[in-house]
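Visitor: I am new to this structure and would like to look closely at a single part of it. Could you choose one place and lead me outward from there, explaining your terms as you go?

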Amino acid sequence: MKLYDSIIKTVLDETKKAGVIEITDDAKSAWPVTESSELVMQRDSAFELGGGTNPSVNFTLVSTENFVEEDGIFLVGDDIKNIDSDCAFARIVILETDEIGEAEDAYDAIRNMEFARYHVFPKGYMVRVSSLSNQEQVRISKEAKQSGINFSSIGKAYIEKYKVIKHVKNARIIFITNKELVESLSPYAKTADDITKSLTHILDGLATDCGHCDFKKVCDEVEGMKEMHLGMANKKK
């Protein structure tokens, strides 16, 4: 699975240039989670990540190419304890998987990995996710901040969820509160989504006349996509 590799390389390069640091060991354990999303009222909020007019984005990238040799949590910008007001926010997930298989299996598996973001409910950390705009906004309670919540403990909670999903071997969570970097990486959320959507195009068995295909640009730019498309078309003959 190399479909997202060019985006992964860009994310890793850009975060490195911006001074990414590893924070995996900044917390001994995962932040406590609840069974459902906890309502954090505005009056009880310390601030919002991606709140107000600040940009926010979330996307998940999958590869078998050993970009993630072990679980890790990384940060560009300020950690929660150093934030006092609404700011920009991104949470980018890179998952190393085993070989998923053909287009149908790949689509179902990738969507399942993406949907994990809807099922992690850290206490005092209210997440609002828009699947249409790929935005992720987080309202953090005053109590959680006073209790020492940080991105390392939140990252550990997410990793625990990802590691029980079929095919996932390792997970890297990148938190970003640097506004300029959030803005520059945001367009890649749509690119990643287009790649995943193109898998459904393959599954539909539509004609391989590239000149009339809405996903021609994706196939032209993404390594392995055109081969997967043609392979599925030949299989259906």
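Guide: Let us begin at Val57, which, leaving aside its neighbours within four places in sequence, is in contact with Phe89, Ala90, Arg91, Asn134, Gln135, Glu136, Val182, Ser186 and Ala189; contact here means heavy atoms within 4.5 Å. Please keep in mind that this is a predicted model, in which local features need pLDDT of at least 70 and side-chain atom pairs count only at pLDDT 80 or more, while totals for chains, interfaces and linings use all residues. Residues are numbered from 1 along each chain as its sequence is written, and side-chain values use heavy atoms, with hydrogens and water left out.

Val57 belongs to strand S3, where helices (H or I, at least four residues) and strands (E, at least two) are DSSP runs numbered from the N terminus. With a relative accessible area of 2%, Val57 is buried; buried means under 20% relative accessible area, exposed over 50%, and partly exposed in between, using a 1.4 Å probe and protein chains only. The C-alpha atom of Val57 is separated by 9.0 Å from that of Val129, although these two residues are 72 residues apart along the chain.

From Val57 we can step out to the sheet that holds its strand. Five strands form this open sheet in the order S1-S4-S8-S5-S3, with mixed pairing, and two strands count as paired if DSSP finds at least two bridges between them. S3 is an edge strand, as is strand S1 (21–22), since each pairs on one side only. Further in, S4 and S8 run parallel and are joined by five bridges, with Phe74 standing opposite Ile174 in S8. In general, strands of a sheet pair through backbone hydrogen bonds, either parallel or antiparallel.

Helices lie against this sheet as well. Helix H1 (residues 5–17) lies across S3, S4, strand S5 (89–97) and S8, and runs at about 125° to S3, where axes are lines fitted to C-alpha atoms, for helices over the stretch in contact, and angles run from 0 to 180 degrees between N-to-C directions. H4 also packs on the sheet, touching S3, S4, S5 and S8, and its direction makes about 150° with that of S8.

Helix H4 (residues 151–162) leads us onward, for it lies across S2, S6 and S7 too, running at about 60° to S6. Of the 12 residues of H4, 10 are buried, so the helix is largely enclosed by the rest of the structure; among the buried ones are Phe151, Ile154, Ala157 and Tyr162. The end C-alpha atoms of H4 are 16 Å apart, which agrees with the 16 Å that its 12 residues should span at 1.5 Å a residue, the expected span being 1.5 Å times one less than the number of residues.

The strands S2, S7 and S6 make up an open sheet of three strands in the order S2-S7-S6, with antiparallel pairing. Here the edge strands are strand S2 (45–49) and S6, each of which pairs on one side only, and neighbouring strands are turned by 15° against each other on average, direction ignored. S6 (residues 125–130) and S7 (residues 135–141) pair in the antiparallel sense over six bridges, and the bridge partner of Met126 in S7 is Arg139. These two strands form a hairpin with four residues between them, and Asn134 in the turn has a positive phi of about 60°; Asn134 is also one of the residues in contact with Val57, which brings us back to where we began.

One last stop is Leu49, which, together with Leu61 and Tyr125, touches the most other members among the 61 residues in the largest nonpolar core, such a core being a set of buried Ala, Val, Leu, Ile, Met, Phe, Trp, Tyr and Cys residues joined through side-chain atoms within 4.5 Å. Not counting residues up to four places away in sequence, Leu49 touches, among others, Phe89, Tyr125, Glu136 and Phe151.
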